[in-house]
Amino acid sequence: MAEENTNPKSHPWGDDNDADCEEFRKRGYEMVDFIANLYKNIEKQPVTPTIQRGYLSPQLNDKAPEEGVAWETTMADVKSKILPGVQHWQHPRFFAYFPCMMSFPALLGDMLADSFNQPGFTWQACPVVSELEVVTLKWLVHAIDLPVKFRQENGGGGSIQPTASEACLVTMVAARKKKLDQLGERGEELRSKLTFYCSEASHFSLQKSCSIIGYTMKEIPTVLEPETGNYIMDISILEQTIKKDKEDGFIPTFVSATYGTTGSGAVDPVPQIGTLCLDNDIWFHIDAAYAGSTFFCPEYRSDAKGIGTANSFNFNLSKWFPGLFNSSILFVDNPKYQVESLNHTAIYLLNEEADKKANIPDFKDYEISLGRKFKSLKIWFAMQSYGLEGIRNIIRRHIKLAQVFEEKVKNDDRFELACNRAFSLVCIRYKGASNEQTYEFCTKVNAIGRFHLVPGDLGGKTMLRIVPCYQYVQEVHILELWEHLNEVANDFFKA
């Protein structure tokens, strides 16, 4: 019997197309098996890695190999060095942050998109990238039933941004452009007077985006909403601030409301903010990165009053949708200001006149970067495979599971709700615990790597946030979490 080769040679990638295709076929089958087995047995994996920061570098070579190593060697390193550092967001006992859902149809669609490997900056660069983005955006604007003014056929427009952070940045750039155009010849003189506003509970990416374009975001304090126990933007303070700024010679330009805040899932008073913005000619943006996906379900659309007053609306398909990171959908009621702000080009990117009449945008003019991944393909694969009812079922199941956990808390003598459940997010506290104790309690809950939660802050009090994240999470996992919380609480608070 021949001696087994314990040190296989590397396939000479790049020498022969036919040979590379066959090697890819072989390794591709193996990789699909590896991924499928990983997720089939995901519950056997720890949710949280037990490594320390800086663990990887000492385990890998200081320099890249001069010659290719065997595929088996690389996969052995994946198993022994890479996997131990993975935080498994696709785990039924991961309840932190917000969902970042993966689906197999989207994964296969993304694999196909990556195989085309083109930057897709203009229609001519790769026609189907622009064409399919237009189609999927049309599907989405109808699927979540946004007001007709956001639809392309009614003068609106959409684009697939990398994340909500870029979506918010792009809308601020558009709002600035619109206001400067309105100011005409005095625009440049008054540029420094433009003011931008959001809630103190808004995502920090708004402040970051505002600083990128040279302004400081004014954070409006929140106020307790008695019926939910949550904290929303104080509309009276926003109104007073805008009035005072105008009296002081400033020019209110942009307001962002949040539909489902990161901390507690709060919904800012959209109708009132929208009316205030209309009365003062201010660009009104709605950041619905997490909760916007609930609009796939007709029963939740009635909660979205006032959206018709907005100039822009974004929600993440890389959160509560069977897609993949990263894709954030941005709709605007008039893409003119977005395009005019971002339409910088070169002669080698110019299209023929005939191309411009087909109402197919060059999406490089809709975002910061020039090169764009073929993101619409994974979205299209997911929507084709699940159908709208399949997507709705995921959202409804997560909300139902959150309701199960909410009832456990309501019927318990030791834990309490920090606020009412918001969509699929439940925020809790141990009664009487200090902020420091609550934070340490969260650390203890996560310590063994079986579950993962993150703390939050509401009204100056630290709390624990629980949100179902995994597509296939079941009630048994919710009950296991509740049991684990009680076991840790028994030891921690008695001590």
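These are my notebook entries on a sheet and the helices around it in a predicted model.

**Entry 1, the sheet.** I looked up the strand order and found an open sheet of seven strands, arranged 1-9-8-7-6-2-3 with mixed pairing. Strand 1 (157-161) and strand 3 (217-220) stand at the edges, and because each has a single partner strand, one side of each is left without a neighbour in the sheet. From one strand to the next, I noted a twist that averages 20°.

**Entry 2, strands 6 and 7.** I then followed strand 6 (residues 251-258) alongside strand 7 (residues 283-287), and found that they pair in the parallel sense over five bridges. Among the residues involved, T258 has D287 in strand 7 as its bridge partner.

**Entry 3, helices on the sheet.** Helix 7 (residues 205-212) packs on the sheet, where I found it touching strand 2 (194-199), strand 3 and strand 6, with its direction at about 155° to that of strand 3. Helix 9 (residues 270-280) lies across strand 6 and strand 7, and I recorded that it runs at about 160° to strand 7.

**Entry 4, helix 4.** I checked the length of helix 4 (residues 127-143): at 1.5 Å a residue its 17 residues should span 24 Å, which agrees with end C-alpha atoms that are 24 Å apart. Which of its residues are buried? I listed V129, S130, L132, E133, V134, T136, L137, L140, V141 and A143. The elements covering these buried residues include strand 1, strand 8 (312-316) and strand 9 (328-332), as well as helix 10 (298-301) and helix 12 (375-410). After helix 4 comes D145, for which I noted a positive phi, near 55°.

How values were computed
Residues are numbered from 1 along each chain as its sequence is written. This is a predicted model: local features need pLDDT of at least 70, side-chain atom pairs count only at pLDDT 80 or more; totals for chains, interfaces and linings use all residues. Side-chain values use heavy atoms; hydrogens and water are left out. Two strands pair if DSSP finds at least two bridges between them. Axes are lines fitted to C-alpha atoms, for helices over the stretch in contact, and angles run from 0 to 180 degrees between N-to-C directions. Contact means heavy atoms within 4.5 Å. The expected span of a helix is 1.5 Å times one less than its number of residues. Buried means under 20% relative accessible area, exposed over 50%, partly exposed in between (1.4 Å probe, protein chains only).
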